Structures are given as structure tokens and as C-alpha cells.
Amino acid sequence: MSEIDREPFPRGALIAAASVVAFTLAATTAARLLGVSPAGGPSMAGPARSVDLRFVDEPNGSVNVRDGRDNHMVAYLAPGTNGFVRGVMRGLAHDRIRRGIGSAPPFRLSVWRDGRLALKDTATGRMIDLDAFGASNKDAFAQLLHDDGAPV
């Protein structure tokens, strides 16, 4: 029989572990109740700028990005380009198809006051923090905030 079988677990270690768990739960509850923004997440104060966008697949493989309000063209994604944008939108479109939602509701691209960029599906409520994918992938979506209609 080893010494660990004869000796009880140290009481101090148990108290310390329970204290850490209790503090974590209390801090999380307080942050939620006070509306504190999670570290690294979008500010809860709201976006600095948002644009509603629709992504229209064309028969030649291109994608027209259109403004969700007046349907003017924001960007033209040529076939074989903008792989990150296409991949994100493909995943969101698949989610809509699975839920029986059509392509009519726009997606909301928002830049927050702290510079973070997020894409929200207005139909499902799903939000993607685009900063999590690195600067170059974030920039692929940031270009869509410029509504000059120039090719991306």
C-alpha cells in the first residue's frame, strides 16, 4: 500500500481549488450583470459602422456583393478569387439551407469602435468574429465596407 492510500488529500489544496472556482463564477456573473465586454470580443456598446450585404452567385462562378438596402453593387468577386470570403459565405449559406431559410435576408458586416470586424447572419443570428482568422482574411471582408463598386 502506498503513502497516497493512507494519507488523506491535503485539505488546503481542496480549499484553494474551491476558492478559485467560486471566484471565477462570481467574476463571470458580475461581468454579465454589469455588461462588461468579453476580452477580445466586440464591444457591447455597438458597432461604429455596419452595412447589410447580399451575396449573389452568378452562373460564371463570380459573386456580386450587393447593398442590402438599395441593391447597388458593392463589389465583384471574380471566379477563383477571394477564397476566404467565399468559404465563410458558403458555410453561412449551408446553415441557412439546413434551416430552410432563403437567401433574401442580408448579412450584416460591422466594424466595432475598437476596430474589430464581425459578420452576422441576420436570419440566424450567427456572428463570426473575422479578426480570429488573421489580418489578411479580415481585410478581405473589410474591403466590402467601401461601397465604391470597384472590383475587389
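## Helix 3 and its end

Just after helix 3, Gly 100 adopts a positive phi of about 75 degrees. The model described here is a predicted one. Helix 3 consists of 17 residues and spans 24 Å from its first C-alpha to its last, close to the 24 Å expected at 1.5 Å a residue.

Several residues of helix 3 are buried, namely Phe 84, Val 85, Arg 86, Val 88, Met 89, Leu 92, Asp 95 and Arg 96. Two of these residues, Asp 95 and Arg 96, return below in the account of the salt bridges.

## Overall composition

The protein chain contains four helices and six strands. Read from the N terminus, the order of these elements is α-α-β-β-β-α-β-β-β-α.

The protein chain has 152 residues, of which 29% count as buried. Its exposed area is about 9,600 Å², and carbon and sulfur atoms supply 59% of that area. Among the contacts in the protein chain with a separation of 6 or more, 47% are between residues 24 or more positions apart.

## Strands 4, 5 and 6

Strand 5 comprises residues 117-121 and is mostly covered, with four of its five residues buried. Strand 5 pairs with strand 4 in the antiparallel sense, over five bridges. Within this pairing, Ser 110 stands opposite Ala 118 of strand 5. The hairpin of strand 4 and strand 5 has four residues between the strands, and Gly 115 takes a positive phi near 90 degrees there.

Strand 5 is also joined to strand 6 by three bridges, and these two strands run antiparallel. Here Leu 119 has Ile 128 in strand 6 as its bridge partner. Five residues lie between the strands in the hairpin of strand 5 and strand 6, where Gly 125 has a positive phi near 85 degrees. As a general matter, side chains in a regular strand alternate between the two faces of the sheet.

## Salt bridges between separate elements

Seven salt bridges are present in the structure. One of them joins the side chains of Asp 121 and Arg 96, at 2.6 Å from N to O. This pair links distant parts of the chain, since Asp 121 belongs to strand 5 and Arg 96 to helix 3, 25 residues apart. Both Asp 121 and Arg 96 are buried.

Asp 129 forms a salt bridge with Arg 116, and their closest N and O atoms are 2.5 Å apart. This pair also connects distant parts of the chain: Asp 129 is in strand 6, while Arg 116 is in the loop between strand 4 and strand 5, 13 residues apart. Asp 129 counts as partly exposed at 23% relative accessibility. Arg 116 counts as buried because its relative accessible area is 19%, under the 20% limit.

## Further salt bridges

Arg 69 and Asp 67 also meet through their side chains in a salt bridge, with a distance of 2.8 Å from N to O. The two partners differ in their cover: Arg 69 is exposed, with a relative accessible area of 68%, whereas Asp 67 is buried at 0% relative accessibility.

A network of salt bridges links Asp 95, Arg 98 and Arg 99. Of this group, Asp 95 is among the buried residues of helix 3.

## Asparagines with positive phi

Most residues other than glycine have a negative phi. Two asparagines depart from that pattern. Asn 71, although not a glycine, has a positive phi of about 70 degrees. Asn 71 is placed in the loop between strand 2 (63-67) and strand 3 (73-77). With a relative accessible area of 43%, Asn 71 is partly exposed.

Asn 82 likewise is not a glycine, yet has a positive phi of about 55 degrees. Asn 82 is found in the loop between strand 3 and helix 3, the latter covering residues 83-99. Asn 82 is buried, with a relative accessible area of 18%.

How values were computed:
Residues numbered from 1 in each chain as written. Predicted model: local features only at pLDDT ≥ 70, side-chain atom pairs only at ≥ 80, totals over all residues. Heavy atoms only, no water. Buried < 20%, exposed > 50% of the residue type's maximum accessible area, 1.4 Å probe, protein only. Contact = heavy atoms within 4.5 Å. Areas by Shrake-Rupley, 256 points an atom, 1.4 Å probe, with all protein chains shown as cover. Salt bridge = Lys/Arg side-chain N within 4 Å of Asp/Glu carboxyl O. Expected span 1.5 Å × (residues − 1). Pairing = 2+ DSSP bridges.
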